[in-house]
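Subject: Structure handover

Hello,

Here is the structure we discussed. Please open it alongside this note.

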Amino acid sequence: MQDRWTDDGARAARERWASAGDDLALRTYTARLIGSEPALVLHGGGNTSVKTVRQGLFGEALEVVCVKGSGWDLAAVEPTAHPAVRLDALRRLRGLDTLSDEDMVNAIRTNQLEAEAPTPSIESLLHAFLPHRFVDHSHADAICGLTNRVAGAEAVRAALGDTVAIVPYVKAGFDLAKLAADVYDANPDVEGLVLLHHGLFTFGATAKESYQRHIALVNRAVAWLAARRPPPLPPGVDGRARAVSVLPELRGALGRWILHWRTSDEIQAWVADPRLAERVATGPLTPDHTIRTKPWAAVVQGEVEPAIQAFREHYRAYFSRNAGPAHRRLDDTPRVVWVAGAGLFGVGKTAKEASAAADIAEHTHRTKVGMDASHQPLSDSLLFEMEYWSLEQAKLAKATEPVLARRVALITGAAGAIGTGIAHALHDAGAHVVLTDLEPPPTLGPRSLSLRMDVTDAASVDAAFTAATLHFGGVDLVVANAGIAAGGSLATLDEATFRRVAEVNLHGTFLTLRAAARWLGPPGLGGQVVVISTKNVFEPGAEFGAYSASKAAAHQLARVAALELAKDGIRVNLVSPDAVFAEGEVPSGLWATVGPARAAARGVELAALPELYRQKNLLKATVTGRHVGNAVVFLASEATPTTGAVIPVDGGLPGAFPR
């Protein structure tokens with residue numbers, strides 16, 4: 001592992017964060033260096049601190065410890081992510097015999113200098129009890145590779161010598177802080193503490209000293225392990241085809257969760273390894289990971305459903321063995337699934353959670369494979385203590401999910417005004433959105449995926465559904481929105497134009513519905529299809545025959561789909577908008593095409609056309625793409641047992657009332 005400290009980098013940090021002072025500027029600099037190394041910290045793991053002086057309200061000098069706030073990623077911390085806590089108040093706590101986690105957090109929070117600052121790490125007391133100015137903590141893979149093996153303490157001593165002191169495993173919090181401080185006091189010349197089944201603490205008088213000690217100790221652990229690494233496993237097969245075929249079945253067995261598929265030559269070798277199940281069963285490298293991965297993973301080496309059911313039964317038995325009266329059982333869904341021939345799957349409520357679970361699983365398994373001796377796991381009771389930690393239970397009790405959480409929505413024609421409104425409405429409601437179009441729009445963040453898709457090309461449609469499934473695990477909602485328009489009377493309309501409009505609006509809807517029937521059905525979870533129709537189905541306009549006829553035919557296809565797909569729990573509904581000229585800054589492509597002719601036919605300027613249409617509806621409403629999106633969200637929420645319905649989004653047009 002490279003020592004990435006540079007004097008130029010430190011100078012730049014001082015300049016960038018000058019207002020925070022040198023101590024916090026350099027603390028932030030080296031915290032980011034540690035956080036940018038996945039082999040040191042993953043997804044919130046690890047924390048850093050600095051002891052410094054702040055000025056109080058009355059000008060007095062206050063000794064404080066600034067500890068990384070809970071929930072912050074070390075790779076992206078800012079100086080404000082190390083909230084200041086009165087050091088003397090925390091150090092007084094060491095004199096107590098016992099202190100509950102809740103009382104500890106309360107003591108930390110009530111001694112912060114800024115009430116609105118983030119809550120400092122649960123390991124704040126350990127940072128405070130150590131005398132050093134700078135303290136760095138990580139869950140380095142290599143350190144865990146030493147401490148998690150049989151005779152882990154002996155391995156630490158062989159690899160790192162007397163430069164570190166060893167702390168037996170105790171759950172993070174007050175008891176660990178006291179024990180670690182006692183171990184240090186008995187070994188004041190060490191450069192770090194190795195916490196068995198946990199990680200590494202280093203310290204120093206300067207940010208540079210503590211950071212470089214950390215890197216040096218980790219590199220010594222890496223070298224010791226490398227000298228004992230077993231031969232590499234033989235390569236596995238390409239897992240893509242198996243992943244595509246197994247994902248619907250896997251998501252059906254798991255329920256409506258987001259899945260993150262991961263593959264590589266190394267991962268395929270692991271899932272082909274006869275020792276896969278044995279290695280997985282030994283649990284995490286550090287109990288902290290149980291919150292993201294549960295104590296172990298599921299392994300599918302044959303049929304999917306029995307393997308997932310076996311995991312659930314194993315998990316329930318684990319809960320029954322360890323639970324007390326106050327414990328509320330968490331869900332029994334695995335967060336990591338290894339599938340022979342396919343690869344690694346992370347499972348989560350969001351794509352971010354699923355990816356994090358896969359990251360941890362990959363690092364964990366690589367470390368286990370690199371051990372020359374068997375992994376020595378912690379007991380079930382200790383893993384349970386962390387997974388069912390009272391502070392985490394309290395967080396879960398307060399958590400609520402958005403109405404469309406864990407749903408994956410694929411939208412055709414997502415780059416236009418209506419598609420944009422639908423995408424934003426679904427995303428805001430918690431859905432993961434797949435944005436497809438001939439020129440795909442920008443993504444909306446980690447819960448979105450942007451793909452090129454031509455609804456008139458069956459191969460393109462299938463490729464988009466495949467990509468969505470591999471990226472998020474499946475598709476729950478399909479919004480058939482892509483469409484084009486052309487004006488002209490029946491007497492003058494040319495065949496090529498008519499065919500092109502029908503190809504997109506009718507044939508494109510057919511291919512989208514067919515794909516929805518194939519991709520939504522297999523998991524047994526049901527699903528939703530929403531076809532974006534138009535008021536022209538009920539109230540056609542002159543010189544608009546190609547559009548009106550093709551949309552009417554697509555409307556009828558949706559009604560047939562509602563009849564056919566209900567047996568699979570798939571609801572098919574329609575939204576019928578009118579006069580959507582824009583969504584924010586995104587103009588309607590349809591009106592860009594037909595607007596000039598419609599304005600000319602009505603004897604008004606093009607710019608006056610939106611107002612003309614607004615005045616036509618009963619509510620005198622300006623209809624936007626977001627309004628259409630809100631209707632889609634309502635249907636997707638399954639608030640009512642509805643299929644085969646039409647929701648007008650037009651401000652009220654009596655001639656277009658559905659009948």
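Below is what turned up, taken region by region.

First, a caution: this is a predicted model.

Helix α19

α19 runs over residues 458-472. Does its length fit its residue count, or what span should we expect? At 1.5 Å a residue, its 15 residues should span 21 Å. The end C-alpha atoms are 21 Å apart, so the model agrees with that figure.

Both ends have something to look at. At the N-terminal end, D457 acts as the cap. One of its side-chain oxygens lies 3.0 Å from the backbone nitrogen of A459. After the helix comes G473, with a positive phi near 100 degrees.

Buried residues in α19 include V461, A464, F465, A468 and F472. S460, T466, T469 and L470 are buried too. As a general point, an α-helix has 3.6 residues a turn, so residues three or four places apart point the same way.

L520

L520 sits in helix α20, residues 495-520. Its relative accessibility is 1%, so it counts as buried, the cut-off being under 20%. Beyond its neighbours within four places in sequence, L520 is in contact with V475, D476, L477 and V478. Its contacts also include G526, G527, Q528, V529 and I570. A89 is another matter: L520 and A89 are 431 residues apart in sequence and 58 Å apart in space, C-alpha to C-alpha.

R27

R27 belongs to helix α2, residues 22-35. Is this arginine buried or exposed? Its relative accessible area is 0%, so R27 is buried. What does its side chain reach? It comes to 3.2 Å from the backbone oxygen of V135. The R27 side chain also makes a polar contact with the side chain of D136, at 2.5 Å. Leaving aside neighbours within four places in sequence, the residues in contact with R27 are T48, S49, V50, H82, F134, V135 and D136.

Cavities

There are six cavities of 30 Å³ or more. The largest has a volume of about 170 Å³. It is lined by 17 residues, and G283, A297, A361, T364 and K368 are the closest to its centre. By class, the lining holds nine nonpolar, five polar and three charged residues. α12 (276-280), β10 (336-339) and α15 (351-370) each supply at least two lining residues. α15 gives the most, with five.

Over to you.

Best wishes

Definitions and conventions: Residues are numbered from 1 along each chain as its sequence is written. This is a predicted model: local features need pLDDT of at least 70, side-chain atom pairs count only at pLDDT 80 or more; totals for chains, interfaces and linings use all residues. Side-chain values use heavy atoms; hydrogens and water are left out. Helices (H or I, at least four residues) and strands (E, at least two) are DSSP runs, numbered from the N terminus. The expected span of a helix is 1.5 Å times one less than its number of residues. Buried means under 20% relative accessible area, exposed over 50%, partly exposed in between (1.4 Å probe, protein chains only). A polar contact is a pair of N or O atoms within 3.5 Å; within protein, one must be able to donate a hydrogen and the other to accept it, and residues adjacent in sequence count only if both atoms are side-chain atoms. Contact means heavy atoms within 4.5 Å. On a 1 Å grid over the protein atoms alone, a cavity is a set of points where a 1.4 Å probe fits but cannot get out, and a pocket is an open set with protein on both sides within 12 Å along at least five of seven lines; lining residues have an atom within 4 Å of a point. Grid points are joined across faces, edges and corners, and a volume is the space filled by probe spheres set on the points. Ala, Val, Leu, Ile, Met, Phe, Trp, Tyr, Cys and Pro count as nonpolar, Asp, Glu, Lys and Arg as charged, and the others, Gly among them, as polar.
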